[in-house]
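Walk through this model from one buried helix outward. Keep the structure open beside the text.

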Amino acid sequence: MDQRIEFVEQRKIAFELNGQATTCDIDPRVTLGDFLRHQLGKTGTHYGCEHGVCGACTVLVDGRSMRSCLQLCGQVDGRKVTTVEGLANTDGSLGILQQAFQDRHALQCGYCTPGMLTTLTEFLRTNPGPSEVEVRDAISGNICRCTGYQAIVEAALLAAARMRGEPDPVFGVVTAHSIESDSPSDSTVGARYVGKPVKRTEDPALLKGEGQFVDDIHLPGTLHCCFVRSSHAHARIKHVDKQAAEAVPGVRHVWTFAELDEAHRRPLPVLAPTHMLTEPRMWSPLASDEVCYVGEAIAVVLAESRYIAEDAANLVQIDYEVLPVASDITKIFDPDAPRAHSDVPTNLLLDMPFAFGDVDSAFARAAHVVKREIFHHRGTAHPMECRATLARLDGATGELTVWNSGQAPHLERRLLAQALGYDEAKIRVIMPDVGGAFGPKGIAYPEELVVASAALKLGVPVKWTEDRREHFLCITQERDQLWNLEMALDKDGKILGVRGSVVHDNGAYVPWGIVVPIIAVTSSLGPYVVPAFDVKLKVASTNMVPTTPVRGAGRPKAVFAMERMLDAAADQLGLARLEIRRRNFVQPDQLPYKTGLIFRDGSPMVYDSGDYPQTQEKAVELAGLDAFRARQEGAHAQQRYLGIGFANYVEGCGLGPYEGAEVTLQNDGRIHLDVGGAGAQGQGMKTIFAQIAADQLGVEMDAITVVVGDTSRLAMGIGTFASRITVNAGNAVHIACGKLAGKIRGLAAHALRVPLDQIEIVRGAARVRGQPDKALPLGQIARISYGIAGFTLPDGLDAGMTVTHYFSPRASVYANGTAFAEVEVDIGTGYVKVLRYGVAHDCGTVINPMLVEGQVIGAISHGIGNTLLERHGYDENAQPLATNFAEFLLPTALDMPSHIEMAHLVSPSPNNPLGVKGAGEGGTIPASAAIVSAIEDALSRWSIRFDETPVLPEMIFDRLHAAGAYSDAALDTP
Ligand code: FES
Ligand code: FES
């Protein structure tokens, strides 16, 4: 391959940027987006795909929206460019559209937001009175992975109304419903902020393009990485020729495994190690002699710019010996099946039974037995920000600072320290703004190891920013599982037992051990009484991308399997699908309910609180089932096929072991709250923690500075995944701030000479009850507590006003919910439109209902995508079939129903003081089961079943064809 690199002369352009005349020297081959971001520092413009599909990079050129990833910078010569930084009012306050985004909670991670704002700015200028459908159409070229679009559409309509000078429109209403509970939750006692839809403190910066994502950070002298990746799924590396790449001007180094520092060649450690794995393999920073999936990194180019690094990487020649590929999980354990790694005797990583009760007897007694094979496809999270990492060594102190777009700063630090053999205390990991994560960013990757290793070896900053194609090839995936289940039922439809097997495709390496398949099997019981259970789990090694948790982490497959079995059982027994569920629910008076399995936290699964029958009834009410059936019948007469489906789930979450918080009352009376173990990716954690702290401390939220995603102050942390942060870190904040409040009151009582029980903290001061003028501002209390040099502190007082607390939950908590989906199937095209969707859910105490609703709706859109659009297919050679957003479809605003209905049921968990449970994944977990059930309902006249996801249009078309739906007679009959 003879690829020449041409360097083009710089030229000068003049244009207007956000109203300012600007003149620049440019390299004409640089894209407009890179030019704005990296040369002009307008980092509010983001890249999410680099191929013109996601819309994140949208800017206005002469008032028209343009994809800056597809424009060259020279094209703006003589024109007017507006970026998100130019949308705020001249006094710096938010513009009308930006303010509407904050008011409607229309942003989460904020990564897609600049593109949404610029797109809508043009749209609203030309369409001052748009309909909801027109807004959806306008943003259908902008992908948001967080919000599910509903709030963005509402924000646009709200802004349009305000621009017209009309009153704010009223949007859909969420119903709240409290379940009687005698749990010890103390979160709402005297709450001013907890439980309220408080606007997010994170939003203003993100809305003005002032967020700071890793790729936005520019350090002088940085070297940029590009990785050379395997084009084969399984091959031996015979030779790497890097001469041509090394000769490219601006290239500093081209390294293979052999050139890495000898101390940095260890494989990455397994995050959740277990002796049960038979032949676990982990990534090396670069492959040494064998590659085991397409995209595995073989070499790295370090150059003065990313452009040069990418060009040079194309010149690296690799000579492979291609090896047989292990990819078909239906034959993966055959004795003659190719091995995923050439040095292992088997692809079987784990063979583990999950059993309780007498299954043989259950099946012997059964009046009915239902049997199904159920498959859930691979997919991945696709946050709009791909991965990115930047490392810098401080030569004077030896401190290595790593900025990483991740979820778990302390875990990242620990894994880097282990793999690099570097003093953990000298590594600081910062996770600044993160543009979505949803699971796969929760681990350390080989590329991060290489970047940190290079920074240590070279003593200069080193950066790598993943592009979308790499993300398709390399970020971890999930969901490939094959379930073979049998269900035994009595004559009334009560479950007697479940047995069968699950094969889980773990991909080439085991970064998270086996947590996903274990969560999957244990979550399959759902909210049902299953007296006997015997399911054998086999975990397979394959030549595909490793699998780790993706939003829901095993639970969507489990729920899909159990709910498919119940639908099949209902059909076989002639029962309504809702009725069979009613007959099998764990009843409220059975709680706490021991399922019989050991959960992923290593403890018996004990459902803590909730009312499963009531949750389902609430969802039925939201769905308006009777009205739907009438609608369905009317549509049917016009040969339109509507269907409705329901699905239940229980989600074990809030997993330990702990999370910490350190809170300080400063001399100026402000509160500094460090929750550095929590990586934040759009959930609004700073807001939630500030709400909890403000209520405990009696201060306003704006008196609190919250730090998340930074290892510098807290010694320990775990990270944000498995819907665990509000439980672990939220309670740590609650308790730490409670203790600090106690210290404040103690000191105030001493200083004011009154008994402790007479002191209250109100609006930033400690005062004597009933005597508001007898008070000490908090700043004064802090100054007293820090003492005077040389003097003794008063008796009974500790030094300072800092409290650190680590909260360890005594057990996991179990959220639950019921989802319904109403769909229309176009039998002419196979297209499924989700017309309505709703969920009744219970995540315990709700700290901020607006944020919970945002999380749930976003997770629902993820579930809709998983069910109807998203497929990471591989061919028989394990070559990926989708490497861009044109081949792999994410849901757009047009794929979502116009409104998602929601009811909160609140049964606080007795397992933690706040009574909270997780909420970030519940929307995804039942979606496939509900939607597929609805599709079957729509097509019930042909008795078509789908026991796999995704259900793509061609599959529907083929099944209908096989069922004779397109025969003349069938088409004539309504
Ligand atoms: S459309 Fe330009 S980055 Fe995606
Ligand atoms: S807020 Fe849209 S991608 Fe995160």
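A residue counts as buried when its relative accessible area is under 20%. The model is predicted, and that cut-off is applied to its atoms as they stand.

Start with helix α2, residues 96–103. Of its 8 residues, 6 are buried, so the helix is largely enclosed by the rest of the structure. Which residues of α2 are buried? They are Leu-97, Gln-98, Ala-100, Phe-101, Gln-102 and Asp-103. The cover over these residues includes α3 (113–126), α5 (150–163), α6 and α21. Just after α2 comes His-105, with a positive phi of about 55°.

His-105 leads on to Arg-200, since the two are in contact. Arg-200 sits in the loop between β6 (175–178) and α6 (203–207). Is Arg-200 buried or exposed? Its relative accessible area is 1%, so Arg-200 is buried. A polar atom of its side chain lies 2.7 Å from the backbone oxygen of Gln-108. Beyond four places in sequence, the contacts of Arg-200 include Gln-102, Leu-107, Gln-108 and Leu-206. Others come from much higher residue numbers, among them Gly-682, Gln-683, Gly-684, Thr-687 and Leu-851. Gln-102 is itself one of the buried residues of α2.

Now cross to Gln-683. This residue lies in the loop between β26 (671–675) and α18. Its relative accessibility is 18%, so Gln-683 counts as buried under the 20% limit. The side chain of Gln-683 reaches the backbone nitrogen of Gln-681 at 2.8 Å. Its contacts beyond four places in sequence are Arg-200, Ile-688, Thr-720, Leu-851 and Gln-855. Leu-851 is thus listed for Gln-683 and for Arg-200.

Follow α18, residues 685–697, to Ala-694. At 2% relative accessibility, Ala-694 is buried. Which residues does Ala-694 touch, not counting residues up to four places away in sequence? They are Tyr-193, Val-699, Glu-700, Met-701 and Ile-704. Take Ile-704: 10 residues separate it from Ala-694 in sequence, and the C-alpha atoms are 7.6 Å apart.

Step back to the domains. The division gives domain 1 (11–86), domain 2 (585–649 + 811–974) and domain 3 (659–807). Domain 2 is written as two segments. The C-alpha centres of domain 1 and domain 3 lie 44 Å apart.

Turn to the aromatic rings. A pair of aromatic rings is described by the distance of the centres and the angle of the planes. Searching the whole structure gives 19 aromatic pairs. One of them joins Phe-472 and Phe-888, edge-to-face, with 5.5 Å between centres and 80° between planes. This pair links distant parts of the chain, 416 residues apart. Phe-472 belongs to helix α12 (residues 468–474), while Phe-888 is in the loop between α21 (849–868) and β34 (900–906). Both phenylalanines are buried.

A second pair has another geometry. The ring centres of Tyr-607 and Tyr-814 are 5.2 Å apart and the planes meet at 50°, so this pair is tilted. Tyr-607 is in strand β23 (residues 604–607) and Tyr-814 in strand β32 (residues 813–825), so the pair ties together parts 207 residues apart in sequence. Both Tyr-607 and Tyr-814 are buried. They also belong to one aromatic cluster, together with Tyr-593, Phe-599 and Tyr-612.

Charges sit over ring faces too. Arg-387 lies over the face of Tyr-445, at 4.1 Å from the ring centre. Lys-538 lies over the face of Phe-333, at 5.7 Å from the ring centre.

Finish with the cysteines. How many disulfides does a search of the whole structure find? The count is 0. Cys-73 shows why: its closest cysteine sulfur, in Cys-24, is 8.9 Å away, too far for a bond. A disulfide would need the two sulfur atoms within 2.5 Å. Cys-73 is buried, at 1% relative accessibility. Cys-112 is buried as well, at 6%.

Definitions and conventions:
Residues numbered from 1 in each chain as written. Chains lettered and ligands numbered in written order. Predicted model: local features only at pLDDT ≥ 70, side-chain atom pairs only at ≥ 80, totals over all residues. Heavy atoms only, no water. Domains from an automatic or database assignment. Buried < 20%, exposed > 50% of the residue type's maximum accessible area, 1.4 Å probe, protein only. Helix = DSSP H or I, 4+ residues; strand = E, 2+ residues; numbered from the N terminus. Polar contact = N/O pair within 3.5 Å; in protein donor to acceptor, adjacent residues only side chain to side chain. Contact = heavy atoms within 4.5 Å. Phe/Tyr/Trp six-rings, centres within 6.5 Å; stacked < 30°, edge-to-face > 60°. Lys NZ or Arg CZ within 6 Å of the ring centre and 35° of its normal.
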